[in-house]
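Me: I have a structure open here and would like to talk it through before I get back to the bench. Could you take me around it?

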Amino acid sequence: MKSKLKLALVAGAIVASSVSGAMAGKDLDAIKARGELLCGVSGTLGGFSLPDSKGVMQGLDADICRAIAAAIGTKVKFVPLTAQQRFTALQSGEVDILSRNTTWTLTRDTALGLNFTAVTYYDGQGFMIPKKLGVKSAKELDGATVCVQPGTTTELNLADYFRANKMKYTPVVIEGTQETNAAFFSGRCDVLTTDSSGLASIRANDAPKGKSDDYVILPEIISKEPLGPVVRHGDDQWLDVVKWVVFALVEAEEYGVTKENADKMASSTNPGIRRLLGTDPGMGKNLGLDEKWALNAIKATGNYGEIWEANIPPLGLPRGLNALWSKGGIMYAPPVR
Amino acid sequence: MTEIPANSQRPPTRSLGGRSFYDKEVQGVLWQVVTIGVVLGLGYYLYSNMVANLELRQIQTGWGFLWRPASFDIGESLIPYTSASPYWKAILVGLINTFRVAVVGCILATILGVFVGVASLSRNFLVSGLTSVYIHSLRNVPVLLQMIFWVAVMHAMPSVRESKPLFGFVATQRGLFAPVPAAAFGWTLALVGLLVAVVAIWIVARWANRRQLETGEIFPVMWTSLGILVALPFVGWLIGGAPTEWNVPQLNRFNIRGGMSLSPEFLAVLTGLTLYTSAFIGEIVRAGILSVPKGQIEAARAIGLRESVIMRKIILPQALRVIVPPQTSQYLNLTKNSSLAVAIGYPDLVSTANTTMNQTGQAPEGIVIIMVVYLTISLTISLFMNWYNKKIQLVER
């Protein structure tokens, strides 16, 4: 009897002592303590995050995470998430950063308690349709059946576009990317809609063997989709780190610093390059990182242009808007100084 | 409390309000207080942790989001719904879709399950063997896999451009289309006639039953009911002007329009759930039938009743006492398993509520809505089944 009561009191004491209130804690400290950056990715989108035949995650989003992990000096672990799971996973702390071709919108930046960091890919939404339907423009899609994933800006833009153009459509809403693609290619729906980069990737990778040319992407781009990494509210330092790693990668392309010549460039006389690569110290200290933060990031994945070249051309997409501002695009990094 | 001899050494007693700490009742009360305290403390800790984190992350809370426009469309909806409708309407559409599949599924599963249960007791080796295979295979495969299988079957049907209509019915990978009469006043009257016929049949059956109990004369209830069922709607249709126009499914540029349609996702969820639950109900029915004492069947045979009458009038009414309680859990299982439809694209409650949670970021409120709705549905089903159970119980003398 006595021992039972003691047991109850001890249990109560344990519960009471663990009532510590909010899970407050700096994200960056937690990541460094863990030694591993938990990066939420899609895992099913070729060119952005897709495991290769050896199981190594390849893609633009994956490389951005690798660069950030190299900059802060930890390993990286990729966590595949569906479009519906991604925000709850980030909000609740399951992942530290979401690099999952996520569109920057006001609601997501505010009401969801998230912070968008920088844009790594400027995209827009399009439609893909089998050629044999003979449709030349998105305005002819009245009455079509459209496959779309839930929990995306795609779903909302689709509804807005059809309502604005007074057309009707039947949505088929399926959660997983693989299932959505399968439904489209089996003919369950006439049209597949997502970001243009996603459409190009699906057309190149997921169409039935040899039949990629049977599908055409319609010319209309119906929305702006700036894609970039996302972190939680509450840690300004982590937000700055992620933001400035991305900017450093873009600035490295502007200066011509590549994966091969990064070490050589570290002894350059150009003050901009010296500041970027940490030869002139100060930038790393401001971010709370090692002075070689940008050097490590560039040596891990290359600069932005190299990341782009390694992942996107197989999809058949031009550099377009994502070229540097000096080369006709809108990739513009604030100066690292 | 045991009597303590007056001349023994009494240990020092600690008392609680005048009673000993070792008193069983006192200890009982203390345990309950501690347990309630731990449970409440745990609940308070979880709630305050969640609230503190929501505030730290500046995630929006509150129920105001339900009145904002949803901005997304839903594939199938029984009530008018557009992307300008508010979020609460989207959740309501999902709820109605869940009801659709749950109600139809429960009815079909019961019919099929009773059939399977009776068949599994057949003396014909082939019938009972096939039923055994049916029950064992369907019970042991996870219901989600069964639903995915049926979705694959539905998607493998001919595409809308390749399918051939049969008497206006078309089965395609975009759904099952059937011609329906074009909406007209005559059909509304026919429907009213049908409802009146159902009530009339019920009255006639009760009257005939009472007459048989009093005078022993048998009234042909079945033929009369059939006649009423056909005649009254027909009369209503005639009064309404005898409309004959049909709404036939037609192939447009992209899709088939017109007529009534059942989407492949709905059919897949329905088929998967019905077959899965019918296997369980079959076993329950078999248990119920076996629970009827053998003497009842022998006595019924001794007085010369046919097998079908024995099953209907003697065995099943007594078996129902044993069947109804587990049946309740099967109905609840079917309703809750319908939430798996989110994986195959059927817009049920979990699917629309999930999308709402995602677009607004308010996950705790969304989860609470889903939990409360499922709890209400389950409690309602339980209440109804308990009432029915009480009604068919044998009164012990």
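Reply: What follows is a short tour of confidence, the sheet with its helices, one further helix and the contact between chains, and please keep in mind that this is a predicted model.

Me: OK, so what does chain A average in pLDDT?
Reply: Chain A averages a pLDDT of 88, and 93% of the residues score at least 70.

Me: And where in chain A is confidence lowest, and where highest?
Reply: Confidence is lowest in H1(A), with a mean of 53, whereas the highest value, 96, belongs to strand E5 (residues 97-98) of chain A. Over residues 14-25 of chain A the pLDDT is below 50, and in the model that stretch has 15 contacts beyond near neighbours in sequence.

Me: Changing topic, in what order do the strands of the open sheet come?
Reply: The open sheet in chain A is built from 5 strands in the order E10-E9-E11-E8-E12, with mixed pairing. Its edge strands are E10 (169-173) and E12 (215-217) of chain A, each of which pairs on one side only. Neighbouring strands of this sheet are turned by 30° against each other on average, if direction is ignored.

Me: How do E8 and E11 of chain A run, parallel or antiparallel?
Reply: Strand E8 (residues 125-130) and strand E11 (residues 191-195) of chain A run antiparallel and are joined by 4 bridges. Within this pair, Phe127(A) stands opposite Thr193(A) of E11(A).

Me: Which strands does H8 of chain A touch?
Reply: Helix H8 (residues 196-205) of chain A packs on the sheet and touches E8, E11 and E12 of chain A, its direction making about 125° with that of E11(A). Helix H6 (residues 153-164) of chain A, for its part, lies across E8, E9, E10 and E11 of chain A, and runs at about 160° to E9(A).

Me: What about H9 of chain A, how many of its residues are buried?
Reply: Of the 20 residues in H9(A), 15 are buried, so the helix is mostly covered. At 1.5 Å a residue, helix H9 (residues 236-255) of chain A should span 28 Å, and its end C-alpha atoms are 28 Å apart, which agrees. Just after H9(A), Gly256(A) takes a positive phi of about 85°.

Me: Last one, how many residues does each chain put into the contact?
Reply: Chain A gives 42 residues and chain B gives 41 residues. On the side of chain A that touches chain B, at least two residues each come from several elements, including H4 (86-92), H6 and H7 (177-186) of chain A. The residues on that side of chain A divide into 21 nonpolar, 14 polar and 7 charged.

Technical notes
Residues numbered from 1 in each chain as written. Chains lettered and ligands numbered in written order. Predicted model: local features only at pLDDT ≥ 70, side-chain atom pairs only at ≥ 80, totals over all residues. Expected span 1.5 Å × (residues − 1). Buried ≥ 20, exposed ≤ 12 C-beta atoms within 10 Å, placed from the backbone. Pairing = 2+ DSSP bridges. Axes fitted to C-alpha atoms, helices over the stretch in contact; angles between N-to-C directions. Contact = placed C-beta atoms within 7 Å. Nonpolar A, V, L, I, M, F, W, Y, C, P; charged D, E, K, R; others polar. pLDDT = per-residue confidence, 0-100.
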